[in-house]
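Trainee: I've just opened this one and I'd like to get my bearings. Could you walk me through it?

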Amino acid sequence: MSTSLAIRSALPRARLVTRAPALARFATSGAPYAYTPGGPIIQGSVNDPTAFPAPSRTHGSHHWAFERLLSAGLVPLTAAAFATSGSSYPVLDGILGVSLVMHSHIGFDCIVVDYLHTRKFPVLGNVAKWGLRAATVATLVGVYQFNTNDIGLTELIAKAWTA
Amino acid sequence: MRNVVGKRFVQIQSMPASASADILNAQRLKRPNTPHFTIYQPQLTWLASIANRVTGAGLSVLLYGFSIAYLIAPTTFDSATVIEVIAGLPEGVKYAGKAILAAPFAFHSINGLRHLSWDVTRFLTVKSVYSTGYAVLAASAVSTIALVFMK
C-alpha cells in the first residue's frame with residue numbers, strides 16, 4: 001500500500017515518506033489505535049471530561065428568572081402576612097404557602113446539586129433528588145390540608161408567637 | 001540465553017486491560033486530599049453566603065417537617081395542641097425559642113435582599129459587598145430583637 005502511494009504522487013513525496021513508516025508500523029505491530037495527530041482519544045476511562053448538559057432556556061435562564069421573581073415576590077407576601085396577623089386571610093395563606101414551599105424546594109435542589117451531584121454520587125444523588133421531590137409534594141399537600149382544615153400558616157405563627 | 005538472564009523473583013498476576021481503571025480508582029480513594037475548606041481564611045463573603053444557605057435550609061426543614069407531620073398525624077399536630085404545648089413552656093424557653101427562630105429568618109430575609117440587589121447588578125464591588133454585608137448583620141440583629149420582643 002505504501003509503495004503505491006509513493007508512485008501516485010511525486011511532489012509531496014517527502015511527507016508520504018515520513019508517514020509511511022508510521023502506517024507500516026501500525027500494519028505489522030497489531031497496536032489497537034491508528035496514528036492520529038496528538039494521540040488517539042480513548043473514551044470510557046477515568047480521564048473522560050465531564051459531560052455538559054444540553055443548553056435549554058427552561059433549565060437555564062428561565063429557571064433563574066423564575067427563582068429570582070419568586071424570591072422577590074416573597075418580600076411583599078411576608079410583609080402582608082405580618083400586616084394582617086390579627087385576622088385570617090385564606091387566600092394569602094394559600095399563596096404564601098405555595099410560594100414558600102416552591103422557594104424552599106428550589107433552595108434544597110441547589111443544595112442537592114451542589115453537594116450530591118449525580119455525576120459523583122450516582123445512587124445517593126438520585127435518591128436525594130427524588131426524595132426531595134416526594135417531600136415537596138407531601139409538604140404541598142400538608143400545607144393545603146393545614147390551611148383548609150385548620151387555622152392557616154399565618155395564624156399559627158401569630159398565635160404561637162404570642163402564646 | 002534470554003531465558004537464563006531475564007528471570008526476576010516477582011509475583012505476576014494475569015489481569016484484563018480494564019483492571020487498570022479499577023486499580024487507579026482504588027489508589028485514588030486512599031490518597032489524601034489537600035485541605036481547602038478547612039484552611040480558607042474566614043471572610044464575610046463566604047461566611048455570609050454559607051449562613052444564607054444554612055438559615056434557609058433550617059427554616060425549610062422546619063416548614064417541611066411540620067407540614068409532613070401534620071399530614072401524617074393531623075390530630076397530634078393540629079394548631080390547638082401546638083399552641084397549648086408552647087404556652088405550657090417556661091418563659092425563658094419561650095424567649096430562647098423565639099430568638100432561635102427569629103435570627104435565621106431575619107438574616108435570611110435581609111441577606112436575600114442583598115442577593116436580589118446583586119441580581120440587578122448593584123453593590124457588586126468588593127467594598128460594596130463588605131459594606132452591605134455589615135449592614136445586613138446590623139439589620140438582622142435589630143430585627144431579631146424587634147421580633148423577639150414583638151407584641
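**Finding our way around**

Mentor: Starting at the N terminus, the elements of chain A run α-α-α-α-α-α. Keep in mind that this is a predicted model.

Trainee: How many helices and how many strands are there in chain A?

Mentor: The run of elements reads α-α-α-α-α-α from the N terminus on. Counting up both kinds for chain A gives six helices and zero strands.

Trainee: And what share of chain A counts as buried?

Mentor: A residue counts as buried when its relative accessible area is under 20%. Chain A has 163 residues, and the share of them that passes as buried is 21%.

Trainee: Among contacts in chain A between residues at least 6 apart in sequence, what share joins residues at least 24 apart?

Mentor: Here we set aside pairs that are less than 6 apart in sequence. Of the contacts that remain in chain A, the share joining residues at least 24 apart is 51%.

**Where the chains meet**

Trainee: How much area do chain B and chain A bury between them?

Mentor: The size of an interface is often given as the accessible area lost when the parts come together. In this model, 34 residues of chain B are in contact with 40 residues of chain A. Carbon and sulfur atoms carry 71% of the buried area, and the total for chain B and chain A is about 3000 Å².

Trainee: Which three residues supply more than any other three of the area that chain B buries against chain A?

Mentor: Together the three supply 23% of what chain B buries against chain A. One of them, Arg53(B), counts as partly exposed at 22% relative accessibility. The full trio is Arg53(B), Tyr64(B) and Tyr70(B).

Trainee: How many residue pairs are in polar contact across the interface of chain B and chain A?

Mentor: Salt bridges have their own count between chain B and chain A, which is two. For polar contact, with both residues at pLDDT 80 or more, the number of pairs across the interface is nine.

Trainee: Which helix gives the most to the side of chain B that touches chain A?

Mentor: Several helices of chain B supply at least two residues each to that side: helix H2 (19-30), H3, helix H4 (79-87), H5 and helix H6 (126-148). The one that gives the most, with 12 residues, is H3(B).

Trainee: How do the residues of the side of chain B that touches chain A divide into nonpolar, polar and charged?

Mentor: Tyr counts as nonpolar and Arg as charged, so Tyr64(B) and Arg53(B), both named among the top suppliers of buried area, go into separate groups. For that side of chain B, the division is 22 nonpolar, five polar and seven charged.

**Charged pairs**

Trainee: Which residue of chain A forms a salt bridge with Arg53(B)?

Mentor: Side chains of opposite charge can pair when their charged atoms come close. Here the closest N and O atoms are 2.6 Å apart. The pair crosses between chains, from helix H3 (residues 44-72) of chain B to helix H4 (residues 90-115) of chain A. The partner, partly exposed with a relative accessible area of 48%, is Asp114(A).

Trainee: Why are Glu91(B) and Lys94(B) separated by about one helical turn?

Mentor: Their side chains meet in a salt bridge at 3.5 Å, N to O. Glu91(B) counts as partly exposed at 48% relative accessibility, while Lys94(B) counts as buried at 14%. The separation is about one helical turn because both sit in helix H5 (residues 91-119) of chain B, and their spacing there is three residues.

Trainee: Is Glu67(A) buried or exposed?

Mentor: Glu67(A) forms a salt bridge with Arg68(A), with the closest N and O atoms 3.7 Å apart. Arg68(A) has 21% relative accessibility and so counts as partly exposed. Glu67(A) is at 18%, so this residue counts as buried.

**Annotated spots**

Trainee: Which residues is Tyr115(A) in contact with, leaving aside its neighbours within four places in sequence?

Mentor: An unreviewed UniProt entry covers Tyr115(A) with the annotation "binding site". Tyr115(A) lies in helix H4 of chain A and is partly exposed, at 47% relative accessible area. Its contacts are Phe121(A), Ile50(B) and Arg53(B).

Trainee: Where in chain B does UniProt place the feature "transmembrane region"?

Mentor: One of the spans is 95% helix, with its end C-alpha atoms 28 Å apart. Another is 91% helix, and its end C-alpha atoms lie 31 Å apart. In that order, the unreviewed entry places the feature at residues 54-73 and 129-150.

Methods:
Residues numbered from 1 in each chain as written. Chains lettered and ligands numbered in written order. Predicted model: local features only at pLDDT ≥ 70, side-chain atom pairs only at ≥ 80, totals over all residues. Heavy atoms only, no water. Salt bridge = Lys/Arg side-chain N within 4 Å of Asp/Glu carboxyl O. Buried < 20%, exposed > 50% of the residue type's maximum accessible area, 1.4 Å probe, protein only. Helix = DSSP H or I, 4+ residues; strand = E, 2+ residues; numbered from the N terminus. UniProt positions renumbered as here; feature names shortened; annotations may be inferred. Contact = heavy atoms within 4.5 Å. Buried area = accessible area lost by both parts, 1.4 Å probe. Polar contact = N/O pair within 3.5 Å; in protein donor to acceptor, adjacent residues only side chain to side chain.
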